[in-house]
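User: Got a minute to walk me through this one? I'll ask as I go.
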Amino acid sequence: MGAIMHQVFCRNNSQSTEALAVADAVLGKGDRRLLTTQGDLLESQTAEAPIGHVLAPRSIAADDDVFLHDTLGLFDSPGYHALLRFWASFVPNGRIVIPEFSMAGGFGGSHAEAMFGPASMSKEIGKRRYHVHDGCPWQPSGSIVDWWARRGMDVVQRQCDSTPWSFEESKISLETAARFEIPGDEAIRSMAALGITEASSTWSYQIWAALAKVAVIRWIIGEFDAPATAGHLDIGAGPGLIGAELLLDASLGVSHSLGLEIDARGPWSGCLLAGSDAASLGSRWRFRLGSAATWRSSSPVGICTALGSLLYLPRSEAGAVLDEAWSNLEPGGLLIVHENMKHRRFVQDHACMFDRGELERMLGRYGEIRFVGATSCRHLTAAEVGEKTIFRIVVKRG
Ligand SMILES: C[S@@+](CC[C@H](N)C(=O)[O-])C[C@H]1O[C@@H](n2cnc3c(N)ncnc32)[C@H](O)[C@@H]1O
């Protein structure tokens, strides 16, 4: 039997030195392997010493230890609980080390104890407490993490293997026809194969973005008292994972979710990932292909989200889409917007990103804007917001 490997999970490759040092401090010195949210999901042909991916259990033995560095940031939400169970299942005969988070809505030691039983050891390193728990076999948790655990790697492989094709010619449209409203003519429906790196970073983003955003959005839904049995509209939904995760959390009472999406690759890949599990959502999880700018509706919804999508529409169209969404919001309904604020470090979309003034002029037309942090479940004052990327919420008064 080989030596037990310390599988050290952290967010970015640049944090590796610190993450490895903290893992040593908690677990003692040993053989280590690094996994990040940027590593390759599929075996790379070129890398000499590939860094693993935290979502792909490749090369982990059942009696290894999984160490989670605090750069991964964990919330107390169904999605993160599912993720922790998934990670613990990589090492059913080993241990998982879980950092404690004290921010509002963070995953704390008591949450870890409720999930995994008492810690066998706890250690404080710097200002962070780490708890060591036994690994355990995987059990479905009723979250999009189940979808990933069951089919994630197959979907990635399929996206890398596929030859260019058109959405309309593919049987995917038959398999999942019930998920799509009549597409707008302008929807992008051609598909090309993804490279390993592109597929890895795309899926890494989709899963992380959905889990982190839903952790805060579910708090917002309760805190701002969204209408009971609310419908959800998502502008620029990508694969629709935000809507799916909201629906899968029965405690939220979200009745249905419609994703407006111009690029068929997003919904297509979301449907592939959901696979047969999507049957549990029935017709409650749907997409409308085409530009959000051409969407018209008279079906009331209680929650409208626009997450990293308004910037891609011409400004006049973004305003008109929000007007249409606002007119469909029920009294007490929530408009929830999350846009990365324009900053030098965002090179790719810099030209079309919002600055604070522009975004708040657009949203302020509907009423008072309330602010909630993106990395903790708490209200922010206007003075605290500064140029931070946060959630902005407007409640529709009755
Ligand atoms: C950065 S992604 C965000 C996806 C998702 N909201 C999330 O937070 O993970 C932006 C999405 O907006 C979509 N999009 C861009 N322009 C659009 C339009 N005019 N109508 C609908 N969707 C659009 C893109 O295709 C893409 O899927």
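User: How many bridges join S9 to strand S13, and do they run parallel or antiparallel?
Analyst: Two bridges join S9 to S13 (residues 285-289), and the strands run parallel. This is a predicted model: local features need pLDDT of at least 70, side-chain atom pairs count only at pLDDT 80 or more, and totals for chains, interfaces and linings use all residues. Residues are numbered from 1 along each chain as its sequence is written.

User: What counts as a strand, and as a pair?
Analyst: Strands (E, at least two residues) and helices (H or I, at least four) are DSSP runs, numbered from the N terminus. Two strands pair if DSSP finds at least two bridges between them.

User: Which residue stands opposite Phe 180?
Analyst: Phe 287 in S13.

User: What sheet is that in, and which strands are at the edges?
Analyst: An open sheet of nine strands, with mixed pairing. The order is S9-S13-S12-S11-S14-S15-S18-S16-S17. The edge strands are S9 (180-181) and S17 (379-380), and each pairs on one side only.

User: Switching topic. How is the protein divided into domains?
Analyst: Domain 1 covers 5-134 and domain 2 covers 144-395. The bounds come from an automatic or database domain assignment. Their C-alpha centres lie 28 Å apart.

User: How many residues does the contact take from each?
Analyst: 22 from domain 1 and 30 from domain 2. Contact means C-beta atoms, placed from the backbone, within 7 Å. On the domain 1 side, helix H2 (residues 78-88) gives the most, with six residues.

User: What classes are on that domain 1 side?
Analyst: Twelve nonpolar, nine polar and one charged. Ala, Val, Leu, Ile, Met, Phe, Trp, Tyr, Cys and Pro count as nonpolar; Asp, Glu, Lys and Arg as charged; the others, Gly among them, as polar.

User: And the ligand? Which residues are closest?
Analyst: Gly 236, Gly 238, Ala 292, Leu 307 and Tyr 312. In total, 17 residues surround the ligand. The cut-off is a C-beta atom, placed from the backbone, within 6 Å. By class, the shell has nine nonpolar, six polar and two charged residues.

User: Back to sheets. What is the order in the seven-strand one?
Analyst: S3-S2-S1-S4-S5-S7-S6, an open sheet with mixed pairing. Strands S3 (52-53) and S6 (121-125) are its edges.

User: How do S1 and S2 pair?
Analyst: S1 (residues 5-10) and S2 (residues 31-36) pair in the parallel sense over six bridges. Met 5 has Asp 31 in S2 as its bridge partner.

Technical notes
Two residues are in contact if their C-beta atoms, placed from the backbone, lie within 7 Å.
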